[in-house]
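Welcome! Open your viewer, keep the sequence panel at hand, and let's take a walk through this model together.

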Amino acid sequence: MEVNMTRKGLMLLIAVVFATLGGGSLAWSEDADQATLIKALPGAKLTLLQGIAQVAKGTEVPIEAKYEMADGKLMLSIYTSAKGFDTAAEDNSFNEYIGEVTTTSWTPKKEVFAD
């Protein structure tokens, strides 16, 4: 009986170690991604505010803006509510404008999220 408990305890210990190591490498990966993003930011030719001003038209209201790395390129993503805040989410659609921000002019692609 004691040998059985020892095996179970050892298996539990191994599982905890693997779970801890797996989570640690994920956190390290996220830190490395953040460091890459921070190093790339000085190359941005457009500020968040300038990007927001570019996509905010008519009733379309920006709800989120962020810089991110995609395929080794610095990108600006801006998300908007197409009909503004006065329209219920189920009657609204949401857009993402995303494009490389290290070029002289930001020409984002638009993706519409509608359900």
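Before we set off, keep in mind that this is a predicted model.

**Stop 1: two paired strands.** Select residues 73–81, which form strand β2, and then residues 94–100, which form strand β3. These two strands pair in the antiparallel sense, over seven bridges. Now pick out single partners across the pair. Ser77 stands opposite Ile98 of β3, and Met75 stands opposite Glu100 of β3.

**Stop 2: on to the next strand.** Keep Ile98 highlighted and add residues 109–113, strand β4. Which residue of β4 is the bridge partner of Ile98? Click on Lys109 and you have found that partner. In total, five bridges join β3 to β4, and these two strands run antiparallel as well.

**Stop 3: the whole sheet.** Add strand β1, residues 61–70, and zoom out. You now have an open sheet of four strands in the order β1-β2-β3-β4, with antiparallel pairing. Which strands stand at the edges? They are β1 and β4; each has a single partner strand, so one side of each is left without a neighbour in the sheet. Rotate the view and look for the twist, which averages 20° from one strand to the next.

**Stop 4: a helix on the sheet.** Select residues 48–55, helix α2. This helix packs on the sheet and touches β1, β2 and β3. Compare its direction with that of β2: the angle between them is about 45°.

**Stop 5: Glu64.** Go back to β1 and select Glu64, which lies in this strand. Is Glu64 buried, partly exposed or exposed? Its relative accessible area is 40%, and because partly exposed covers the range between under 20% (buried) and over 50% (exposed), Glu64 counts as partly exposed. Leaving aside neighbours within four places in sequence, Glu64 is in contact with Ser77, Ile78 and Tyr79. You have already met Ser77, the residue opposite Ile98. Next, select Glu96: it comes 32 residues away from Glu64 along the chain, yet their C-alpha atoms are separated by 9.3 Å.

**Stop 6: a charged pair.** Side chains of opposite charge can pair when their charged atoms come close. How many salt bridges does a search of the whole structure find? The search finds one. To see a salt bridge, show the side chains of Lys66 and Glu68, which meet at 4.0 Å, N to O. Lys66 has 30% relative accessibility and counts as partly exposed.

Methods. Residues are numbered from 1 along each chain as its sequence is written. This is a predicted model: local features need pLDDT of at least 70, side-chain atom pairs count only at pLDDT 80 or more; totals for chains, interfaces and linings use all residues. Side-chain values use heavy atoms; hydrogens and water are left out. Buried means under 20% relative accessible area, exposed over 50%, partly exposed in between (1.4 Å probe, protein chains only). Contact means heavy atoms within 4.5 Å. Two strands pair if DSSP finds at least two bridges between them. Axes are lines fitted to C-alpha atoms, for helices over the stretch in contact, and angles run from 0 to 180 degrees between N-to-C directions.
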